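Hello,

As promised, here is the structure for you to look over. My notes on what turned up follow below it.

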Amino acid sequence: MFGNYLIGLREGLEASLVVCILIAYLVKTERRDALRPIWIGIGVACAIAFGFGCALTFGSQELTFKAQEALGGSLSIVAVALVTWMVFWMRRTARHLKAELHGKLDAALQMGTGALVATAFLAVGREGLETALFVWASVRASNDGTHGPLIGVLLGLLTAILLGWLFYKGAVRINLAKFFTWTGGMLVVVAAGVLAYGVHDLQEAEFLGGLRDKAFDISTTIPPDSWYGTLLKGIFNFQPDPTVLQVTVWLLYLVPTLAFFFAPVGFGPGKGKVNATHEQASVRDGGVDGDRTDGDGERVRDGARGAGSRPVGDEG
């Protein structure tokens, strides 16, 4: 359940920050007349993401067992690829997100209502579709016959919405740089479990061999139906009797991905290294704030985590 809560929290908070930036910018620039098209775009994006999740859930039930396993395994691998790209993208380019959104919003304001709806839809829709796919794959991997995984996702999304509202109101300050770094790392661990489960699905569908080649079997030590077995499966998608191929894929994904993810951004002297003293991200006065100092000591604006000493939208 915790792993699914983390997915809902992390993905939901990204979408909440995007909404926070868009709304705060319009309020600060006194363009409240443009809020309705923005909310329409956000609503359409959420509806499509929800519909996509329902289509995956109910559509796959009409398939044969092997077809379900083949679809589930394939989409699990796609979901892991998208989430991996997302966490690296957020780590490397997040500081420019606010400026990018403001630029698109300025252009949309000049073009009219339809452009505003499209801007909000595209900004939130990508996050929504990625979230729906990864949540579906993760819930499928950790499903234990209860509603626990779905409840975990829902609680994570509700927490993200609450935090987004508190950020906008300026009631909460949080180091978003550290938050996205550590939750991104934990999400990679969850993704590794989803990937291993996807490989098992493809083995069940006979797309891959080695289904009976077990790497180990500790089912007697950690029974899947025990409380600690359920806990391990809920957090890490742990399986007590994985195949050799599952363990191999899990290790080949997890070890290098975590190594690259926690390496200094830019992999070079002074290129995007996070300075814990200077890069403090927070949201106040309706926006995400934070300062960063580059290699020459010049203060620069940290876009995605809402940079600069001014609130979101003060540029206008």
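Please keep in mind that this is a predicted model. I'll begin with the pocket, since that may be where you want to look first. Five helices each give at least two residues to the lining of the largest pocket: helix 1 (2-28), helix 2 (35-59), helix 3 (65-93), helix 5 (113-142) and helix 6 (148-169). The volume of this pocket comes to about 1,500 Å³. Its lining is made up of 46 residues, and those nearest the centre are Phe50, Thr131, Val135, Val153 and Leu157. By character, the lining splits into 28 nonpolar residues, 15 polar ones and three charged ones.

Now for the overall picture. The protein is built from nine helices and three strands. Going along the sequence, the order is α-α-α-α-α-α-α-α-α-β-β-β. There are 316 residues, and 49% of them count as buried. If you take the contacts between residues at least 6 apart in sequence, 76% of them join residues at least 24 apart.

Two of the helices that line the pocket deserve a few more words. Helix 2 is 25 residues long and spans 35 Å from its first C-alpha to its last, close to the 36 Å expected at 1.5 Å a residue. Which of its residues are buried? In helix 2 these are Leu35, Pro37, Ile38, Gly41, Ile42, Ala45, Ala49, Gly53 and Leu56. In helix 1, I looked at Val18. Val18 has a relative accessible area of 5%, so it counts as buried. Its C-alpha atom is 8.1 Å from that of Leu101, although 83 residues separate the two along the chain.

The other region I went through involves helix 7 and the loops that follow. Gly209 sits in the loop between helix 7 (176-204) and helix 8 (227-236). Is Gly209 buried or exposed? It counts as exposed, because its relative accessibility is 53%, and the cut-off for exposed is over 50%. Leaving aside residues up to four places away in sequence, Gly209 touches Gln203 and Leu245. Its C-alpha atom lies 10.0 Å from that of Val199, which is 10 residues away along the chain.

Gln203, one of those two partners of Gly209, belongs to helix 7. With a relative accessible area of 2%, Gln203 is buried, whereas Gly209 is exposed. Setting aside residues up to four places away in sequence, Gln203 touches Leu208, Gly209, Gly210, Leu211, Thr243, Leu245 and Gln246. Leu245 therefore appears in the contact lists of both Gly209 and Gln203.

Gln246 leads on to the last residue I have for you, Gln239. Gln239 is found in the loop between helix 8 and helix 9 (244-262). Its relative accessible area is 18%, and it counts as buried because the limit is under 20%. Gln239 touches His200, Phe216 and Gln246, again without residues up to four places away in sequence. What joins the side chains of Gln239 and Gln246? There is a polar contact of 3.1 Å between them.

If you open the model, I'd suggest starting with the five residues nearest the pocket centre, Phe50, Thr131, Val135, Val153 and Leu157, and then turning to Gln203 and its contacts, Gly209 and Gln246 among them.

Best wishes

Conventions: Residues are numbered from 1 along each chain as its sequence is written. This is a predicted model: local features need pLDDT of at least 70, side-chain atom pairs count only at pLDDT 80 or more; totals for chains, interfaces and linings use all residues. Side-chain values use heavy atoms; hydrogens and water are left out. On a 1 Å grid over the protein atoms alone, a cavity is a set of points where a 1.4 Å probe fits but cannot get out, and a pocket is an open set with protein on both sides within 12 Å along at least five of seven lines; lining residues have an atom within 4 Å of a point. Grid points are joined across faces, edges and corners, and a volume is the space filled by probe spheres set on the points. Helices (H or I, at least four residues) and strands (E, at least two) are DSSP runs, numbered from the N terminus. Ala, Val, Leu, Ile, Met, Phe, Trp, Tyr, Cys and Pro count as nonpolar, Asp, Glu, Lys and Arg as charged, and the others, Gly among them, as polar. Buried means under 20% relative accessible area, exposed over 50%, partly exposed in between (1.4 Å probe, protein chains only). Contact means heavy atoms within 4.5 Å. A polar contact is a pair of N or O atoms within 3.5 Å; within protein, one must be able to donate a hydrogen and the other to accept it, and residues adjacent in sequence count only if both atoms are side-chain atoms. The expected span of a helix is 1.5 Å times one less than its number of residues.
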